[in-house]
Amino acid sequence: MTVYQELQLNQAGSKALIRSCTNRKDKMRHTAIYLFKICLTMAFCMAVVIGFSKIFGNGNSIVGVVVLLCVMAFRFADFGIRTPHAMGALTLMFAILTFGPRLANAGGLVQEFLVNTVCILLLMVLGCHNVVMFNHSTLLLCYLLLYGYDVTGDLYIAMGIGAAATLIVYYRNHRKKVYKRSLGDIFKEFDIHSLRTRWQITMVFGVTTAMLIAGLLHVPRRMWIGIAAMSILVPFHEDAKKRAKSRVPGNIVGCFIFLALYYLLPPSIYNYVGVIGGIGVGLSATYGCQAVFNTFGALSIAVGILGLPGAVFFRIFNNFFGAVYGVLFERGFGRVLDRMSCNGQ
């Protein structure tokens, strides 16, 4: 395996390679490459986010995060359809990401619920047909981030540049793949009797109803609830239960570590706590550890809005609510879909 090939491995792959080494020299070499990859990735991520902030204003820094997520995810993940059709689908999805969250935030709770439902459903159908790629974890996260931060100003230019960059990366990496399925086939295969379609519908209404309830209760940072529910409502039932058991404790541990850092570190370091979390995520190979370190970045921003006690409380509450709701919704809504499927036969 070349150094370049090794740099393409994910955290779990790199750690497995290091564990498989039989002598100290090889282990040190692979460890050094792994750490270099983490530093390289963090440097690239910071450069993109800072670049977007400098060019389009601090209010659009989250757009840099969204573009970064899409570019890095779709280097490897595809949509399971012909490349020209995938390019069209990706263009439509960026249009949804650009205008959907803004429209959802422009009205009351009813408008927000309806817009979120339609937009998330379209993202699920257009981009999540190939279930094993887990594209929902990128597309829905991007949507919820843009919804939660409600960016304005130069959003449309920034998202246009991000769309162009993602399209270029997607075409370069997937143009040689051969698929018979077209964009039209994706809609034809949307069928209530299909397990994939049932999961897509469950994801849509699980996320949107969770945020609707949070809105009715006037809970701040509702996107956290949506993200927590999304992370639980995965295609495979057993994975959902495991994630629920990892996410809530992971967030609680992350909050306590954040509190310790907040009180132990000088104020001049506070802005870098999110970076520390990013490095931690890069070094984490399990979902539970990633949940711990993901907390840092979220709290770093929320402290300025809710204060330290409020940010920590709602980070724990929102994730607990979203995770538990996701588990219960999957069970209850699954029975509803079973009845609908039986009645339709």
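**Note on the cores and salt bridges**

1. In this predicted model, the largest nonpolar core is made up of 72 residues, and Val 63 and Tyr 143 are the members with the most contacts inside it. Helix α5 supplies the largest share of this core, namely nine residues. For a reader new to the structure, Val 63 and Tyr 143 may serve as starting points when looking at this core.

2. Which residues does Tyr 143 touch, once its neighbours within four places in sequence are left aside? Its contacts include Ile 96, Leu 97, Gly 100, Pro 101 and Ala 104, and the list continues with Val 115, Asn 116, Cys 119, Ile 120 and Leu 123. Apart from the largest core lies another one, of eleven residues, with Ala 214, Ile 225, Ala 229 and Leu 337 among them.

3. Turning to charged side chains, the structure holds four salt bridges. Side chains of opposite charge can pair when their charged atoms come close. One of the four joins Asp 78 to Lys 177, with the closest N and O atoms 2.9 Å apart. Asp 78 sits in the loop between α4 (61-73) and α5 (83-105), while Lys 177 sits in the loop between α8 (155-174) and α9 (183-188), so this pair ties together parts that are 99 residues apart in sequence.

4. Are the two partners of this bridge buried or partly exposed? Asp 78 counts as buried because its relative accessibility is 1%, under the 20% cut-off, whereas Lys 177, at 33% relative accessibility, counts as partly exposed.

5. A salt bridge also links the side chains of Glu 112 and Arg 222, at 3.0 Å from N to O. Glu 112 belongs to helix α6 (residues 109-127) and Arg 222 to helix α11 (residues 222-232), so here the pair ties together parts that are 110 residues apart in sequence. Glu 112 is buried, its relative accessible area being 6%.

6. Glu 189 and Arg 196 form a further salt bridge, in which the closest N and O atoms are 3.3 Å apart. Salt bridges that share partners bring Arg 181, Glu 189 and Arg 196 together into one network. Glu 189 is partly exposed, with a relative accessible area of 27%, and Arg 196 likewise counts as partly exposed, at 22% relative accessibility.

Definitions and conventions: Residues are numbered from 1 along each chain as its sequence is written. This is a predicted model: local features need pLDDT of at least 70, side-chain atom pairs count only at pLDDT 80 or more; totals for chains, interfaces and linings use all residues. Side-chain values use heavy atoms; hydrogens and water are left out. Helices (H or I, at least four residues) and strands (E, at least two) are DSSP runs, numbered from the N terminus. Buried means under 20% relative accessible area, exposed over 50%, partly exposed in between (1.4 Å probe, protein chains only). A nonpolar core is a set of buried Ala, Val, Leu, Ile, Met, Phe, Trp, Tyr and Cys residues joined through side-chain atoms within 4.5 Å. Contact means heavy atoms within 4.5 Å.
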